[in-house]
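Hi,

Here is the structure I promised to pass on. Have a look at it first, and then read my notes below.

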Amino acid sequence: MIFMEQRELGRTGRDVSVVGQGTWQLGGDWGEVREADAFGVLDAAVESGVTFFDTADVYGDGRSEQLIGRYLKERPDAPVLVATKMGRRAEQVPENYVLDNFRAWNDRSRSNLGVDTLDLVQLHCPPAAVYSSDAVYDALDTLVAEERIAAYGVSVETCAEALTAIARPGVASVQIILNPFRLKPLDEVLEAALAAGVGIVARVPLASGLLSGKYTEETVFAPEDHRTYNRHGEAFDQGETFSGIEYTTGVAAAAEFAALAPQGATPAQTALRWIIQQPGVTSVIPGARSVEQARANAAAAAQEPLPRKTLDAVRDLYDRRIRAAVHDRW
């Protein structure tokens with residue numbers, strides 16, 4: 001195995017690799033993925049130094065969790081912390097976020113993953129009121145006391161939700177959209193999380209693939225791919241798809257971003273490297289559908305830090321192309 005830099009994941013007390021492996025794709029929500037191919041992705045990630053898998057009970061309605069569980073049963077030597085998420089399989093009303101439901105959701109995830117205690121469970125972008133509920137955090141503390149989960153965190157859509165969660169003493173980590181096309185967390189969340197000792201997991205790091213620089217205005221995605229059916233938030237939060245940017249605007253901005261990649265690095269690796277070096281970030285969780293993608297993503301951890309001129313150019317690109325476009329759209 002290749003060694004990769006490890007950072008403490010907030011209040012979990014455990015270290016994870018600075019590049020993790022997101023597994024939304026493995027559930028089949030980005031198009032069909034064969035089990036052998038999924039195992040190949042996970043194996044390539046582990047061999048490249050990844051020690052952090054992120055999944056959710058809703059990815060493929062549990063298929064992603066099941067694949068990870070079967071893989072780790074075959075690879076008991078793999079030193080991987082598995083974070084899953086719960087809540088999105090139920091109607092999205094605050095009344096559903098109660099202890100009995102948490103136990104039922106946990107039981108399903110524990111069965112899917114084949115473990116007695118889940119390493120980390122994150123509330124999966126629940127209604128905003130949930131983040132402020134004392135009863136919700138009491139219930140999560142109960143799950144820890146019952147040893148169903150070792151730690152808990154939240155996955156959020158907004159900076160305000162992140163800040164509300166960070167203020168809670170039991171929250172170990174916050175998962176938030178962060179990439180060169182989504183800079184708001186830099187200004188509002190990362191410093192607060194660092195001060196509180198809360199881990200930050202950066203999700204949607206490539207803006208649903210835009211930052212790979214591979215797509216054009218003519219690119220067609222499969223019907224079952226969320227990049228087809230959720231461009232305007234038809235199925236879930238619009239920010240989950242292309243970071244909420246209108247597609248043609250994103251393609252143009254991605255072409256400009258690609259020109260910032262240093263020699264020997266791809267645009268995707270440059271985007272991941274940019275995230276890794278933001279103060280307060282614990283891990284970034286790009287997805288992959290192939291062995292080559294998994295290895296290339298992990299290799300971003302070994303890239304030289306981006307120089308100040310590149311960081312400034314990213315900020316300028318965001319200010320010129322993205323900030324106004326997002327404001328106009330939303």
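A good place to start is strand 7, which runs parallel to strand 8 (residues 171-177) and is joined to strand 8 by 3 bridges. Keep in mind as you read that this is a predicted model.

**The sheet**

Those two strands belong to an open sheet of 8 strands, ordered 3-4-5-6-7-8-9-10 and paired in parallel. Which strands stand at the edges? They are strand 3 (21-22) and strand 10 (283-284); each has a single partner strand, so one side of each has no neighbour in the sheet.

Back to strand 7, which covers residues 152-155. Its side chains alternate: Y152 and V154 point one way, G153 and S155 point the other way, and all of them are buried. On one side, strand 7 is parallel to strand 6 (residues 120-124), with 4 bridges joining the two. If you want to find that pairing on screen, look for H124, whose bridge partner in strand 7 is S155. For the pairing with strand 8, try V154, which stands opposite V174, or Y152, whose bridge partner is V171.

Strand 8 itself is mostly covered, with 7 of its 7 residues buried. Besides pairing with strand 7, strand 8 is joined to strand 9 by 5 bridges, again running parallel. S173 is a handy marker there, as it stands opposite G199 in strand 9. Strand 9 (residues 199-203) then pairs with strand 10 over 2 bridges, in the parallel sense. In that pair, V201 stands opposite S283.

**How the chain gets from strand to strand**

I also looked at the connections around strand 7. Strand 6, helix 4 (residues 134-145) and strand 7 form a right-handed β-α-β unit. Strand 7 then takes part in another right-handed β-α-β unit, this one with helix 5 (residues 159-166) and strand 8.

Helix 5 has a residue worth a click: C159. Is C159 buried or exposed? Its relative accessibility is 8%, so C159 counts as buried. Apart from neighbours within four places in sequence, C159 is in contact with I176, K184, P185, E188 and V189. For a sense of scale, the C-alpha atoms of C159 and G250 are separated by 22 Å, with the two positions 91 residues apart along the chain.

**Two helices packed together**

Next, have a look at helix 2 (residues 63-74) and helix 3 (residues 99-113). Their axes are 7 Å apart and they pack at an angle of about 40 degrees, so helix 2 and helix 3 are oblique to each other. Helix 2 brings E65, Q66, I68 and G69 to the contact, while helix 3 brings S109, N112 and L113. By type, the residues of this contact are 2 nonpolar, 4 polar and 1 charged.

**Some buried loop residues**

Three loop residues caught my eye. Two of them, S243 and G239, sit in the loop between helix 8 (226-229) and helix 9 (247-258).

S243 has a relative accessibility of 2%, so S243 counts as buried. Leaving out residues within four places in sequence, S243 is in contact with I177, N179, R182, V204 and A207. G239 is buried too, with a relative accessible area of 1%. From G239 to T51 the C-alpha to C-alpha distance is 27 Å, and the two are 188 residues apart in sequence.

The other one is I285, in the loop between strand 10 and helix 11 (291-299). I285 has a relative accessible area of 7%, which makes it buried. What does I285 touch, not counting residues up to four places away in sequence? The list is G20, Q21, G22, F52, D54, Q175, V201, A202, R203 and P205. V201 is also the residue that stands opposite S283 in strand 10. As for V156, it is 15 Å from I285 in space, C-alpha to C-alpha, and 129 residues away in sequence.

If you only have a few minutes, I'd begin with strand 7 and its parallel partners, strand 6 and strand 8, and then follow the strand order out to the edges.

Cheers

Key: Residues numbered from 1 in each chain as written. Predicted model: local features only at pLDDT ≥ 70, side-chain atom pairs only at ≥ 80, totals over all residues. Heavy atoms only, no water. Axes fitted to C-alpha atoms, helices over the stretch in contact; angles between N-to-C directions. Parallel < 35°, antiparallel > 145°, perpendicular 65-115°, else oblique. Contact = heavy atoms within 4.5 Å. Nonpolar A, V, L, I, M, F, W, Y, C, P; charged D, E, K, R; others polar. Buried < 20%, exposed > 50% of the residue type's maximum accessible area, 1.4 Å probe, protein only. Pairing = 2+ DSSP bridges. Right-handed = clockwise from strand over helix to strand, strands pointing away.
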